[in-house]
Amino acid sequence: MSKQTHSFQAEVAQLLHLVTHSLYSNPEIFLRELISNASDACDKLRFEALANPSLYGDQPELEVRITFDKAAKTLTVTDTGIGMSEQEAIDHLGTIAKSGTKDFFSKLSGDQKQDAQLIGQFGVGFYSGFIVADRITVESRRAGLPANAGVRWVSKGAGDFEVEQITREQRGTSVILHLRDDALEFADGWKLKELIGKYSDHIAIPIKMEGEKWEEGKEEGQPGAMVKTGEWETINQATALWTRAKKDVTDEQYTGFYEQLAHDWQPPLAWTHNRVEGSTEYTQLLYIPSHAPFDLWDRDRKAGIKLYVKRVFIMDDAEQLVPRYLRFIKGVVDSADLPLNVSRELLQESRDVRAIREGNTRRVLGLLEDLAKAETAAGADAAEAAAVEDKVDIGTGDATPAPEPTELPEGGVTDVVDKNEAPTAADAAAKFAEDAAKAPAKYATFWREFGAVLKEGLGEDHANRERIAKLLRYASTTSDTPTVSLADYKARMKDGQKAIYFITADTLAAAKNSPQLEVFKKKGIEVLLMTDRVDEWSLSYLRDFDGTPLQSVAKGAVDLGDLQDEAEKKAAQEAATHVKPLLDKLKETLKDQVEDVRVTTRLVDSPACLVVKDAGMSMQLARMLKQAGQPVPETKPALEINPEHPLVKKLDGSAHFDDLAHILFDQALLAEGGLPDDPAAYVRRVNALLA
Ligand SMILES: Nc1ncnc2c1ncn2[C@@H]1O[C@H](COP(=O)(O)OP(=O)(O)OP(=O)(O)O)[C@@H](O)[C@H]1O
């Protein structure tokens, strides 16, 4: 068949433009990406061959070969993986199939630096080849298709690519990079070996290069040169990283593995690597990224856990292996128990999968607890840290019993064996001290990036609610940054204070300046300020913390209990009787807007505020749901007035009573982030009074 020219999907063209114009700072990552694709292709073949072993044909080896030709200025990555048919080459190398792609590209600003950062999160994969090549040729043949069903794909990385049918003896794919003149350093054996060691050592299949040796010049005066020996050497360790003993894996290797696994250019925040034995046996290597992905809020976003069964890759994005509220976790789970032909449907029903999910959850929460502790103890010496750690229960309080310990195998991964999922105090203390010294701000980073997602766990994971509650951090009237834990808050509570007070609002400024806070400020009582959309919903699942109820200051009657002295209570009662006629009149005037009008002690400087019933939905949440098109039950708030305020005093007997009453209500609505139903009427009334 003759050559056909195809255009790239608009987003690919955009991506290629960025790759060739902005991604020069770290050109070498292209090799990691191409080797990663080659290794994925081998994994896919191994998986498909489970059902159809004839796909291997007469070539059972799965491997990646890297070759280069200095004179021709080419670098080639060849794999014996699944390969691509012509149509697959057109589809896979001409379009991006990721969900949220369109959205993502609409966010790019045109600012090269900023966009380069963003694109790092998106992952450029195959297209990173164009960082170093001005032309890429891909030759491929899908496993199972005849030799004459090969395909050649060629592109200069601009708007289009060419495709033609070829004969290819071997199944699998060769990606041939025609190197730019400024990237010829990559046509060099030493350089390539160094990069493979740096980025791809952990790849489970062999990465081979042809051996080279030094040969002196044949004649006097002729310079010597490196010549190829014809023998292929395996450059990487070629054992899956997670199967190795912890002590044999360096931090750089863990980081490199993460970067490849997550297609993330930034190192992870933390990881946990364990082999769990007992009734369910598996290895887990789980990472917390250091930044949120662009599609964290995409409801259909899959979890980033790759599932292997006895080292055989089974599937990406196995969402059953972590709960939704931990969907930001990346990693690998290798199960010894699941059948190789396990499907997504089977996963849903599997007892083993449930045990793995619970084990993963406990591990991640344990890791977060370590980070949080390291943060509070930053700078503390190791001995002190160990003493604290001894007292803290990690990995206990589980919903499932700990797996039974079993005999450990000889050598190998014994130091990652985790028989009961509870690290020893000494282990934890050492890690704790190390974390504290290394990066005291890790938990703050985690919280900034993923805190709002973790909060979903309060509603989703009943068994771990208490552990999650300890990990929560909020801003408060004592801290603009979200660093206050519920335990910190409790420790600072005033004598006689019976509740943990909080307020939810759209912004920190709105929360901080809310009239509802006035009496709390006056009395020096701390109030947590919550501005995440998920806050109110999630707190409806957390009625109390460590025996102390949580109380919204914008709901129900404010009962400061012992914090209010007798004189204040008496004054409030007297005021209520005194202004009763005024309250009745206001109730009548505002009967369409409010369900009650009453006197309050919660206001100091403001004339009035709006309050909903204790069990009711806050006005902020109601507004949010309305905006999202959700049905919201019509409930009216109560208007609470401050009888000491001059505006309220002026109301009584005023000729403008009606206007003033409406202004009072609308202003209370504005102060808590709402908008008057009829803004023009509000403006008219205020203007009439000002004139
Ligand atoms: N060596 C290869 N063998 C077979 N198919 C390949 C190979 N390289 C790329 N592909 C196909 O091309 C697709 C696109 O590759 P690309 O690297 O751009 O994205 P990806 O690997 O799917 O995603 P990402 O790299 O962002 O995770 C792959 O999903 C795969 O289907």
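Let's start with helix H7 (251-262), where helices (H or I, at least four residues) and strands (E, at least two) are DSSP runs, numbered from the N terminus. The expected span of a helix is 1.5 Å times one less than its number of residues. For the twelve residues of H7 that gives 16 Å, and the end C-alpha atoms of H7 are indeed 16 Å apart, so the two agree.

A word on the model itself. It is a predicted one: local features need pLDDT of at least 70, side-chain atom pairs count only at pLDDT 80 or more, and totals for chains, interfaces and linings use all residues. Residues are numbered from 1 along each chain, as its sequence is written.

Back to H7. Its buried residues are Tyr 254, Gly 256, Phe 257, Tyr 258, Gln 260 and Leu 261. A residue is buried if 20 or more other C-beta atoms lie within 10 Å of its own, exposed if 12 or fewer, and partly exposed in between, with C-beta atoms placed from the backbone. What do the buried residues of H7 pack against? Their partners are helices H2 (29-51) and H6 (189-199), plus strands S10 (270-276), S11 (282-288), S12 and S14 (330-335). Right after H7 comes His 263, with a positive phi near 50°.

Most residues other than glycine have a negative phi. Here are two loop residues that have a positive one.

| Residue | Phi | Loop between | C-beta neighbours within 10 Å |
|---|---|---|---|
| Ala 238 | about 60° | S9 (225-234) and H7 (251-262) | 16, partly exposed |
| Arg 311 | about 75° | S12 (304-309) and S13 (312-315) | 14, partly exposed |

Now for helix H9 (residues 351-376). Its 26 residues should span 38 Å, and its end C-alpha atoms are 38 Å apart, which agrees. Is H9 enclosed or open? Of its 26 residues, 21 are buried, so H9 is largely enclosed by the rest of the structure.

Further along, helix H22 (residues 657-671) packs with helix H23 (residues 679-690) at an angle of about 125°, their axes 10 Å apart. That makes H22 oblique to H23. Axes are lines fitted to C-alpha atoms, for helices over the stretch in contact, and angles run from 0 to 180 degrees between N-to-C directions. Angles under 35 degrees count as roughly parallel, over 145 as roughly antiparallel, 65 to 115 as roughly perpendicular and the rest as oblique.

Who meets whom? From H22 come Asp 659, His 662, Ile 663 and Asp 666, and from H23 come Tyr 682, Arg 685, Val 686, Ala 688 and Leu 689. By class, this contact of H22 with H23 has five nonpolar, one polar and three charged residues. Ala, Val, Leu, Ile, Met, Phe, Trp, Tyr, Cys and Pro count as nonpolar, Asp, Glu, Lys and Arg as charged, and the others, Gly among them, as polar.

Leu 603 sits in the loop between strands S22 (596-599) and S23 (608-611). It counts as buried, with 25 C-beta neighbours inside 10 Å. Leaving aside neighbours within four places in sequence, Leu 603 is in contact (C-beta atoms, placed from the backbone, within 7 Å) with Pro 515, Glu 518, Val 519, Cys 609 and Asn 642. Leu 603 and Phe 520 are 83 residues apart in sequence, yet 9.1 Å apart in space, C-alpha to C-alpha.

Finally, the whole chain. It has 23 helices and 24 strands, and 40% of its 691 residues count as buried.

Key
Two residues are in contact if their C-beta atoms, placed from the backbone, lie within 7 Å.
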